[in-house]
Amino acid sequence: MIAALLIFILTLVFVIWQPRGLGIGYSALGGAAIALMFGVINWGDIPVVWHIVWDATFTFVGLIIISLILDDAGVFHWAALHVARWGGGRGRRLFPLIVVLGAVISAFFANDGAALILTPIVLAMLLALGFGPAAALAFVMACGFVADTTSMPLVISNLVNIVTAGYFNIPFDRYAAVMVPVDLAALAATLVVLMLFFRRDIPAGYDLARLDAPSSAIKDALVFRWTWPVMAVLLVAYFVTAAWQVPVSLVTGIAALLLLALAGRWWRGGRGAVIDLRHVIKGAPWQIVLFSLGMYLVVYGLRNAGLTDYLALALEALARHGTVVAVVGTGFISAVLSSVMNNMPMTLVGALGIHHAQGIDPAVREAMIYAHVIGCDLGPKFTPIGSLATLLWLHVLDRKGVHIGWGYYMRIGLALTTPVLLITLLALAWRLG
């Protein structure tokens with residue numbers, strides 16, 4: 001038991017620290033190799049874990065490839081400029097519109113894409129509008145915050161969702177039916193807390209004349225025109241194929257290949273291509289495939305050592321007090337542990353705990369599964385180490401001259417996340433109650 005825990009902590013330290021730029025996938029695989037060497041896991045665990053992670057990780061890779069293509073084509077920049085014009089020169093109108101834009105991007109392109117792609121675009125636009133440092137920081141924090149707090153409506157909106165839905169065999173349509181209304185409650189709560197927290201930093205107005213025309217953001221007109229039908233068909237395909245249990249990664253992969261073909265002008269032998277597909281392929285999160293397998297093998301070692309049984313006992317105790325207590329308790333446990341041990345390992349730890357908990361009513365168990373998703377989606381906002389995307393987001397901002405210290409981040413994270421998490425969990429309890 002001690003060996004499994006020490007290996008997990010050591011692996012997590014290397015994943016977060018990334019000494020000398022060591023990839024997270026290599027650190028996780030190294031931890032898995034040590035676990036195998038010490039008998040914490042065995043060779044038979046590898047196919048079990050691979051079965052859990054393969055669909056989720058390749059779905060995530062496909063979504064990020066789609067996001068990178070659309071970003072290079074100018075789609076997100078075009079959308080941000082339109083939103084800025086809808087703001088009508090009023091800062092207090094622009095702020096919620098940017099938050100809603102972040103929620104929409106997070107829903108369809110995953111939270112990592114929303115935070116890492118939208119934030120630099122919004123930051124550049126704010127600088128062009130002459131916003132001061134306090135105002136820019138308010139908008140930047142809002143982009144990073146909403147990317148996670150509203151990453152629940154669809155299976156594809158967060159890697160946590162994909163892994164959990166796959167582990168418990170939740171169909172795409174059932175998941176959406178439960179979580180879309182809950183996500184709307186999360187969005188409303190997010191808007192309220194952000195507006196209250198940053199109300200003094202949001203400027204009264206801005207000069208619309210300083211904005212570029214949205215059409216100027218379009219870099220690849222062909223990809224831009226095809227974006228809307230491709231994304232519409234992709235969304236419909238997710239719901240239609242759910243009945244046949246078609247892997248989500250297959251549906252996502254076909255859409256990614258279609259956009260790669262369009263961007264690369266494959267039927268013309270590459271002539272007329274605008275987007276550098278080598279940059280897109282290189283920018284795809286291939287390390288996440290290695291990380292998911294390696295990290296989840298290390299987590300599986302915790303399960304083999306019996307550590308996840310303690311979580312199962314706590315969940316059983318919560319379940320005895322009804323749906324509301326079970327939902328709120330599960331959500332906060334998952335959130336707090338995600339903020340400390342990172343949300344990706346916690347996703348599997350929580351799933352194993354729920355799976356092995358005994359004597360829980362099926363309806364309450366289902367509610368606890370979704371509460372676990374909410375906790376792992378929102379919990380990372382408590383601390384910078386809660387998710388790898390947040391660490392990368394902070395690094396990207398630092399390179400652009402916007403430094404957000406860990407202390408400042410945690411003060412804001414605790415103040416903003418706690419009420420949103422509670423309201424979202426209560427909305428779930430109401431939805432399934």
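These points cover helix 1, helix 4 and helix 12 of a predicted model.

1. Surface patch. Leu5, Ile9, Val13 and Trp17 together make a nonpolar surface patch. Its area is about 400 Å². One of the four, Ile9, lies in helix 1, which runs over residues 2–17.

2. Ile9 itself. Is this residue buried or exposed? Neither: Ile9 has a relative accessible area of 43%. Buried means under 20% and exposed means over 50%, so Ile9 counts as partly exposed.

3. Length of helix 4. This helix covers residues 75–86, 12 residues in total. At 1.5 Å a residue, the expected span is 16 Å. The end C-alpha atoms are 17 Å apart, which agrees.

4. Packing of helix 4. Which residues of helix 4 are buried? They are Val75, Phe76, Ala79, Ala80, Leu81, Val83 and Ala84. Their cover includes helix 3 (45–73), helix 5 (91–128) and helix 9 (221–242).

5. After helix 4. Gly88 follows helix 4. Its phi is positive, near 65°.

6. Length of helix 12. Residues 287–304 form this helix, 18 residues in total. How far apart should its ends be? At 1.5 Å a residue, the span should be 26 Å. The end C-alpha atoms lie 25 Å apart, so expectation and model agree.

7. Cover and exit of helix 12. Helix 12 is mostly covered, with 14 of its 18 residues buried. Just after helix 12 comes Gly306, with a positive phi of about 85°.

Methods. Residues numbered from 1 in each chain as written. Predicted model: local features only at pLDDT ≥ 70, side-chain atom pairs only at ≥ 80, totals over all residues. Heavy atoms only, no water. Patch = residues over 30% accessible without salt bridge, like charges linked within 9 Å, V, L, I, M, F, W, Y side chains within 5 Å. Areas by Shrake-Rupley, 256 points an atom, 1.4 Å probe, with all protein chains shown as cover. Salt bridge = Lys/Arg side-chain N within 4 Å of Asp/Glu carboxyl O. Helix = DSSP H or I, 4+ residues; strand = E, 2+ residues; numbered from the N terminus. Buried < 20%, exposed > 50% of the residue type's maximum accessible area, 1.4 Å probe, protein only. Expected span 1.5 Å × (residues − 1). Contact = heavy atoms within 4.5 Å.
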